[in-house]
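User: I am new to this structure and would like a close look at one part of it. Please keep the sentences short.

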Amino acid sequence: MDPGAPVEDASPLIDRLGNIALIGAGLAWVMVLGRILTHRIYVSHDTVINYAHVWYTSESLWHGRGLPVRMPALGHGEAFTFPYGFLPWSVGALLRPVFGDWTVTLMLVLVTVAVIAATFWAFPELRRGWWAVAVLVEPAIVSSPIIGQLPFLTGAALLLLGIGAWRRDRRIMAVLAVGLAQATHPAIVLPLAGALVVAWLPWEPRRRSLVLHYAISLVFALPALWIVLNAPVFEEASVATKTFGFVGTIAPRSLVILVPIGLVLLQRNWQPQWRGPALCSALVLANVFMWGPLGMPWAWKGLDRQPDTRMVAFTDSDEFVPGATYRVLRIADGKIGMYQLLRGGGRLDSEFFPESIHRRSWATTDAYARFLQGRQVDFVMIWRGYDRRFETNEHALLRELVVSGGCTDGLRIEHVTSTDEFDLYRVVDCGVQPGAALSV
């Protein structure tokens, strides 16, 4: 090869490959979302909470009781109906008589499409070739629908809509969209939106206007933020648990906003011909590295998983007590058993959040008894595999309290039944006044 000969421009070939990759990524998304749609109830890490709250809200609305503020069947009677997700759950409740449980499945797919569409509307620079592929393979947008994060996806779509509106100088639209985004998921979207505003201020020519309009948008989020701060799961969790949960949640989800912004900046300031394929390759590798930490191996199997119905057999049996409060300790069912117990007429001592379930050990039987008493638990149901998975002493404490046969801090434990699936214990009030303080 003559070293003095002109070098052929590779840009047209790279662009053609980018278009082919975009078609491939689009087809992959059609396949994944299509498989989600085949499920009446799609069971993944964060899906079942949506089905439960939409069902409860729909029952209240369509039976003339109005929009409920509280959901007494959860969180030992103290739970809110909308700890987040007011917009998607209330819309789902209105549609549920038409589509049943599949309403939530359909909404999960629709808001995923809405996030992708809103990203391209907010950042039109990314609508072509490798840039569009990068948007479609970014880890947050890949994982969120498969994990089942309906409220977050709704909030993200609205936040992206607000960004696009602000870039087009549609200020009222931006305020409404960002306000609804923060109200939909105040724990994650509100701090994310606030951080974006602060980070953008040095480059914003209308700084005072941006701060003012963002302050107005916060008004929409105040009621939802108050609920978050007063929900049982927030009040009962330790500071360390709340901090770890917040950081571990917001960091990966923020990519749905940060990656498109980063792509736009790189598009303007980084010019190598191979930048598109390099960025897409980096994002694919990010998916690989984050696959395990995000719990994607189990979530991915949800595309073929059918809901476990063993709890339904229990709620149909004579041993089930409608209206009683159950502490359900189970693994690998995506919390579908908790939803089935609610549908059967039972109550739960916890909400659907892992922090609310309190999978932990207790120092003494007295401390554990006070915990059960404070949660007004009537039955504890421990399923096979729970002890091995979480390695707590709760099962051992129950057995110890059964053997003792006496009253511990105002209650005693009775063994009801043992099956191949679970052990069931009854919590009986001895009629003894417990201590004034409930220490858990």
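User: Leaving aside its neighbours within four places in sequence, which residues is Phe352 in contact with?

Analyst: This is a predicted model. Leaving aside neighbours within four places in sequence, Phe352 is in contact with eight residues named here: Val48, Ile49, Ala52, Leu74, Lys335, Met338, Tyr339 and Leu342.

Phe352 also belongs to the largest nonpolar core. That core holds 126 residues. Within it, Leu159 and Phe352 touch the most other members. Helix 7 supplies the largest share of this core, with 11 residues. In general, nonpolar side chains tend to be buried together in soluble globular proteins.

Helix 7 leads on to another feature. It spans 150-167 and gives two or more residues to the lining of the second largest pocket. So do helix 8 (171-184), helix 9 (189-200), helix 10 (207-230) and helix 13 (255-269). The space in this pocket is about 750 Å³. Its lining counts 26 residues. Nearest the pocket centre lie Ile163, Trp166, Leu196, Trp200 and Ile261. By type, the lining has 19 nonpolar, three polar and four charged residues.

Helix 10 also contains Arg208. Is Arg208 buried or exposed? Arg208 is exposed, because its relative accessible area is 76% and the cut-off for exposed is over 50%. Along the chain, Arg208 and Gly18 are 190 residues apart. Their C-alpha atoms are separated by 41 Å.

Key
Residues are numbered from 1 along each chain as its sequence is written. This is a predicted model: local features need pLDDT of at least 70, side-chain atom pairs count only at pLDDT 80 or more; totals for chains, interfaces and linings use all residues. Side-chain values use heavy atoms; hydrogens and water are left out. On a 1 Å grid over the protein atoms alone, a cavity is a set of points where a 1.4 Å probe fits but cannot get out, and a pocket is an open set with protein on both sides within 12 Å along at least five of seven lines; lining residues have an atom within 4 Å of a point. Grid points are joined across faces, edges and corners, and a volume is the space filled by probe spheres set on the points. Helices (H or I, at least four residues) and strands (E, at least two) are DSSP runs, numbered from the N terminus. Ala, Val, Leu, Ile, Met, Phe, Trp, Tyr, Cys and Pro count as nonpolar, Asp, Glu, Lys and Arg as charged, and the others, Gly among them, as polar. Buried means under 20% relative accessible area, exposed over 50%, partly exposed in between (1.4 Å probe, protein chains only). A nonpolar core is a set of buried Ala, Val, Leu, Ile, Met, Phe, Trp, Tyr and Cys residues joined through side-chain atoms within 4.5 Å. Contact means heavy atoms within 4.5 Å.
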